[in-house]
Amino acid sequence: MASNGGSGGNYKVFKMSSSSSLKIQRGDITKWSIDGTSDAIWPGGGAIHRAAGSELRDACYTVEVVRPGVRCPKGEARLTPAFRLPVSHVIHTVGPIYDIENTLRNAYRNCLKLAKENNIEYIAFPAISCCVYGYPYDEAATIAISVVMESDGDFKEVHFVLFEDDVFDTWLEKANILL
């Protein structure tokens, strides 16, 4: 495995097509970027909001309310500027609590769809719905990687930037099986 200077940690690259690759890396998603103009991250909890600054929270409150108290229903996606983060956009989605597989699939699909519609070439995800929401790492990794494989050639690079060693190891294991 190689070392990644941008966000720290190790990584492994998997070719998905002649023009697209999947990169699984150990690191801090708040420090990840490729070019700052055509890249986006999904906010994995409070660390993203702290790194982006209060402007990100304020931008979230400008997203249209679809029903009382809900701006982004589970499995859907919304786009905001990234403010103090080193990327151009943040794509927001609400992952499900464990046991709602289609919602997790839809969260990834809708993030990728929104990224494509906004000419994002590079996108990074954490392990959506793992840890606090209870999704087992192996099942979540299978879903995430399978959905990314459906985007065949839509992005130059799709990254999974994973902070915890056990999550990183699981994503690598699943990618080696699926790719």
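Start by selecting asparagine 119, which you'll find in the loop between helix H3 (101-117) and strand E7 (122-125). Keep in mind as you look around that this is a predicted model. What is the phi of asparagine 119? The value is positive, about 60°, even though this residue is not a glycine. Most residues other than glycine have a negative phi. Turn on the surface and you'll see that asparagine 119 is exposed, because its relative accessible area is 62%.

Now move along to serine 129, in the loop between E7 and H4. Here phi is near 75°, again a positive value in a residue other than glycine. Is serine 129 buried or exposed? With a relative accessible area of 6%, serine 129 is buried.

Stay in that loop and pick tyrosine 133, which also sits between E7 and H4. Tyrosine 133 counts as partly exposed because its relative accessibility is 36%. Add Ile97, Tyr98 and Val132 to your selection: with Tyr133 they form a nonpolar patch on the surface, and together they have about 410 Å² of accessible area.

Next, select residues 137-150 to light up helix H4. Its 14 residues reach 20 Å from the first C-alpha to the last, close to the 20 Å expected at 1.5 Å a residue. Which residues of H4 are buried? Colour Ala140, Ala141, Ile143, Ala144, Ile145, Val147 and Val148 to see them.

Time for some rings. The whole structure has four aromatic pairs. For one of them, show tyrosine 108 and phenylalanine 160: the ring centres are 6.1 Å apart and the planes meet at 65°, so this pair is edge-to-face. Tyrosine 108 belongs to helix H3 and phenylalanine 160 to strand E8 (residues 157-162), so the pair ties together parts that are 52 residues apart in sequence. Both tyrosine 108 and phenylalanine 160 are buried.

Keep phenylalanine 160 on screen and add tryptophan 171. These rings have their centres 6.0 Å apart and their planes at 55°, so the pair is tilted. This one links strand E8, home of phenylalanine 160, with helix H5 (residues 165-178), home of tryptophan 171; the two residues are 11 residues apart. Tryptophan 171 is buried, and so is phenylalanine 160. Bring in Phe125 as well and you have the cluster that ring pairs make of Tyr108, Phe125, Phe160 and Trp171.

Some rings have a charge for company. Zoom in on tyrosine 11 and you'll find lysine 23 over its face, at 4.0 Å from the ring centre. Then hop to phenylalanine 163, where the charged end of arginine 26 sits over the ring, 5.4 Å from its centre.

Finish with salt bridges. How many does the structure hold? There are nine salt bridges. One joins glutamate 55 to arginine 84, with the closest N and O atoms 3.2 Å apart. Glutamate 55 lies in helix H2 (residues 54-60) and arginine 84 in the loop between strand E5 (77-81) and strand E6 (89-93), so the pair ties together parts 29 residues apart in sequence. Arginine 84 is exposed at 57% relative accessible area, while glutamate 55 is partly exposed at 28%.

Last stop: lysine 113 and glutamate 117, whose side chains meet in a salt bridge (3.8 Å, N to O). Why are they separated by about one helical turn? Because lysine 113 and glutamate 117 are four residues apart in helix H3. An α-helix has 3.6 residues a turn, so residues three or four places apart point the same way.

Technical notes:
Residues numbered from 1 in each chain as written. Predicted model: local features only at pLDDT ≥ 70, side-chain atom pairs only at ≥ 80, totals over all residues. Heavy atoms only, no water. Expected span 1.5 Å × (residues − 1). Buried < 20%, exposed > 50% of the residue type's maximum accessible area, 1.4 Å probe, protein only. Patch = residues over 30% accessible without salt bridge, like charges linked within 9 Å, V, L, I, M, F, W, Y side chains within 5 Å. Areas by Shrake-Rupley, 256 points an atom, 1.4 Å probe, with all protein chains shown as cover. Salt bridge = Lys/Arg side-chain N within 4 Å of Asp/Glu carboxyl O. Phe/Tyr/Trp six-rings, centres within 6.5 Å; stacked < 30°, edge-to-face > 60°. Lys NZ or Arg CZ within 6 Å of the ring centre and 35° of its normal.
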